[in-house]
Amino acid sequence: MKRFAAIVILSLALTAHANNMPYNGAVDANRELQQAFVESHQTKQPILLIFGANWCEDCRALDEALKTEKNAALMAKKFKVVKIDVGNFDHNLDISARYGNPIQKGIPAAVILSPENKILYTTHAGELANARRMSANGVYDFFSNLLKKTSSINMSK
């Protein structure tokens, strides 16, 4: 009986830990992306795809940085964010390929899409692959600079 109780407790702990992880492999990423396009057409916000995996320390670090007050406000105001789980580079590779394979040089990787599904920006050289060494301010600066450089993104929102 003690062994069974220990297994139940361990299972509950693992489930709670998994619920705190940023990438959900059970989610239909294509469906989430389609929903983001519907919302993006209404709000005129670009879509930010963030490719990553729960095993990736840099991906978890980027996710934590994006939850800070300043970054969360920027993301909510400027983007429709869709997190895409790539697993062990064996999940959602069709989405990555559709947008120029940004994960080729490492994860996390990002793609910014217009509401019309045009690529406005993509990481192509592992720009976020060292996210654990970026501060929350560094992450903010990265995305703020992208907004300034990408004239197609509506800055007035």
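Begin by selecting proline 108, which is found in the loop between helix 5 (93-98) and strand 3 (109-113) of this predicted model. Display the backbone on its N-terminal side: the peptide bond joining isoleucine 107 and proline 108 is cis, with omega about 0°. Most peptide bonds are trans, and most residues other than glycine have a negative phi.

Two residues with positive phi may be visited next. Select asparagine 92, located in the loop between strand 2 (80-85) and helix 5. Asparagine 92 is not a glycine, yet its phi is positive, at about 55°. Then move to lysine 44, in the loop between helix 2 (29-43) and strand 1 (47-52). Here, too, a residue other than glycine has a positive phi, near 65°. Lysine 44 counts as partly exposed because its relative accessible area is 49%, a value between the limits of 20% and 50%.

Turn now to the aromatic side chains. The structure holds 4 aromatic pairs. In one of them, phenylalanine 142 and phenylalanine 143 meet edge-to-face, with 5.1 Å from centre to centre and 90° between the planes. Phenylalanine 142 is buried, since its relative accessible area is 16%, and phenylalanine 143 is buried with a value of 0%. Extend the selection to Phe79 and Tyr121, which form one aromatic cluster with Phe142 and Phe143.

For the last stop, select tyrosine 140 together with lysine 70. Lysine 70 lies over the face of the tyrosine 140 ring, at 4.4 Å from the ring centre.

Notes. Residues are numbered from 1 along each chain as its sequence is written. This is a predicted model: local features need pLDDT of at least 70, side-chain atom pairs count only at pLDDT 80 or more; totals for chains, interfaces and linings use all residues. Side-chain values use heavy atoms; hydrogens and water are left out. Rings of Phe, Tyr and Trp (its six-membered ring) pair if their centres lie within 6.5 Å; planes under 30 degrees apart count as stacked, over 60 as edge-to-face and the rest as tilted. Buried means under 20% relative accessible area, exposed over 50%, partly exposed in between (1.4 Å probe, protein chains only). A charge sits over a ring if NZ of Lys or CZ of Arg is within 6 Å of the ring centre and within 35 degrees of the ring normal. Helices (H or I, at least four residues) and strands (E, at least two) are DSSP runs, numbered from the N terminus.
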